[in-house]
There are 2 protein chains.
Amino acid sequence: MAKPEIHTMEELSAAIGVSRPTLSRYFQDPSKVSKSSVERIRRGLEQVEYIPNFFATRMNRKKTGMIGVIIPYLNDLFFTRLLESIERAAMRAGYTVITQCSHSDPEIEARAAETFLSMNVDGAVVAPLGNRSDLKVYERLNARLPFVLMDSRPARLSGVDFVGTDHVQSTGLITEYLSRVGAPPVFLAMPRVNFNALEREMAYISKMEELGFEPTIIGIESLNGEGYFEAHGLAVLDDHFSKGNFIDASILCANDRVAIGALRAAARHRLEPGALHRGGLRIAGHDDYPLSEFMIPTLTTVAQNVQAIGQAAVDRLIEKLRVEKPHDNQAVQLMDGVLKVRDSA
Amino acid sequence: MAKPEIHTMEELSAAIGVSRPTLSRYFQDPSKVSKSSVERIRRGLEQVEYIPNFFATRMNRKKTGMIGVIIPYLNDLFFTRLLESIERAAMRAGYTVITQCSHSDPEIEARAAETFLSMNVDGAVVAPLGNRSDLKVYERLNARLPFVLMDSRPARLSGVDFVGTDHVQSTGLITEYLSRVGAPPVFLAMPRVNFNALEREMAYISKMEELGFEPTIIGIESLNGEGYFEAHGLAVLDDHFSKGNFIDASILCANDRVAIGALRAAARHRLEPGALHRGGLRIAGHDDYPLSEFMIPTLTTVAQNVQAIGQAAVDRLIEKLRVEKPHDNQAVQLMDGVLKVRDSA
């Protein structure tokens, strides 16, 4: 026979014959309740099915135990890895994570922020959608809640905590590596959908100038709508390779998904990136996308430390939750990228 | 100057001088309120910043407007595409989706189900973790809520609505295609982490027997822990190719992620799948993983209709929400797979 189902503390109090305040104390801290009451409550709980109401138990609490997270896309393993690392860090710290995805739509991003405010989440971590985002959404969250931005940051937004990769270091590192072991690279950009796209371009240009080489940037125009980075890399290079351009170049791609498209373009034109006896074509990326080590050839890239970024974002958020005014008014944490030399360059 | 921030209907009522019941009626249906009150409320709302409390507005409603969704992994673009299609279908129907990921852990899956029950979500859609799931979790959700299972289903679970791919059809289709245009395929299994793994194996065996060929299954032993399908495909075939096994075989992989590892193994051994002049090696997959068309060579596969599965799961859930007792007591909807002939086979 099914146990009677009980949803409220009042019903529970009546069902097991223990006063409402005693029950409350028991759920907050059993050591505050007499041993005989603890016994009675435990026996009582075995006789009924008690499903505490999530809303009722949180509505009047100062802290809800919830962290809101927004990511811009679901169809990108970089962001799902970042989300996974945040969820695990938050779970370890005892928080429930409520995730919303912007699905490339600034209106959905803004609505997700309002949902978090109305849910009274304790804090929010957001990987911004990018250029099309309404910056007021981040300013509003930042004014109302402990708030941390991650992955990419708008140049025009100030006073907001940020955790991400140091693109000057990471892009500089792979630009320097490519220049040292072969021809100085051209840069295959990604459509400028977010702030990182531009930061990596700038970092490439400044490193090239530092090394005394002429920077060359291709593929800025979006050919395939945003988000489809592989299709973009394929379309841009297919076109260039058809005209005989860049067939023996060193090509640094703005991210690994663009590079996966670039490798596909090379295969279509029977080019073999990284096979030095076959000419100088080399292809490299940025991020260490989970599939990059399975590509043909395996993709040389610079890895973002996704685990560290997710953990640092949660750590910073929790620090802001614990102290009214954090010591450092605004914290920016930039993680170094790590070179992954494989076969493609 | 910032507008005063208001969280409760009581505060709002006091701030704009309209009674609490009138305000409630206005938010439920403005046509139920006098024209002069509507005017006063609209003017009042412009003067304050009203953030309705998500919990308070939902706690006492019969319907919360929320749908809970559980997916087993985040690091898999098949599941993120499925989640995206569910989120879009639910948004179109006016629901808020609360997503939880099991992160390959049955305890997290069970906890996510309890969170949904305590949140009093209107219904739940779950893509099960698989063999290690506690079936009682699904039975419990099914008993308490409108509930739909998707993607893979436990053989021992009955009376639960299900939406997924017809693996007998989809796996049969590609087995027959491979047999018709070349040597009958061997089957490179995936570790049996979920029910689909076994269903596809069985479907392969029965189609081979129907065609009068001897089925051959390899790679059932998990070499790399669950979830890392690419590494599994690479490890199993690298080992076989080293011994000269299957180097001119037709290899049907249990899913595209295994096939991506298989293509990598072929490249490592300088084999060229699909290039018939170089021998008979062919590699095919199942799912049409978003990256399959960018692989080298592009991967022949059978596509799952992810959009239709997500939409049908939400449609069925909403049907169950609307009527107390749905016409058909249990609905099982199986979608056909579609052959995608590319270069690898």
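Trainee: How much area do chain A and chain B bury between them?

Mentor: In this predicted model, side-chain atom pairs count only at pLDDT 80 or more, local features need pLDDT of at least 70, and totals for chains, interfaces and linings use all residues. Residues are numbered from 1 along each chain as its sequence is written, chains are lettered from A in the order in which they are written, and side-chain values use heavy atoms, without hydrogens and water. Chain A and chain B bury about 4600 Å², with 67% of it on carbon and sulfur atoms. Buried area is the accessible area (1.4 Å probe) that two parts lose on being put together, summed over both. Of the area that chain A buries against chain B, 17% is supplied by A:Phe55, A:Phe294 and A:Ile296, more than by any other three residues.

Trainee: What makes the meeting of B:Glu49 and A:Arg144 a salt bridge?

Mentor: The term requires a side-chain nitrogen of Lys or Arg within 4 Å of a carboxyl oxygen of Asp or Glu. The N to O distance here is 2.3 Å, so the pair qualifies. The count between the two chains is 4 salt bridges.

Trainee: Why is the relation of chain A to chain B that of a two-fold axis?

Mentor: A turn of 180° with a shift of 0.0 Å along the axis lays chain A on chain B with an RMSD of 0.1 Å, the copies being superposed by least squares on the C-alpha atoms of residues with pLDDT of at least 70 in both. That is the relation of a two-fold axis. In chain A, the C-alpha of A:Phe55 is the nearest to the axis, 2.5 Å from it.
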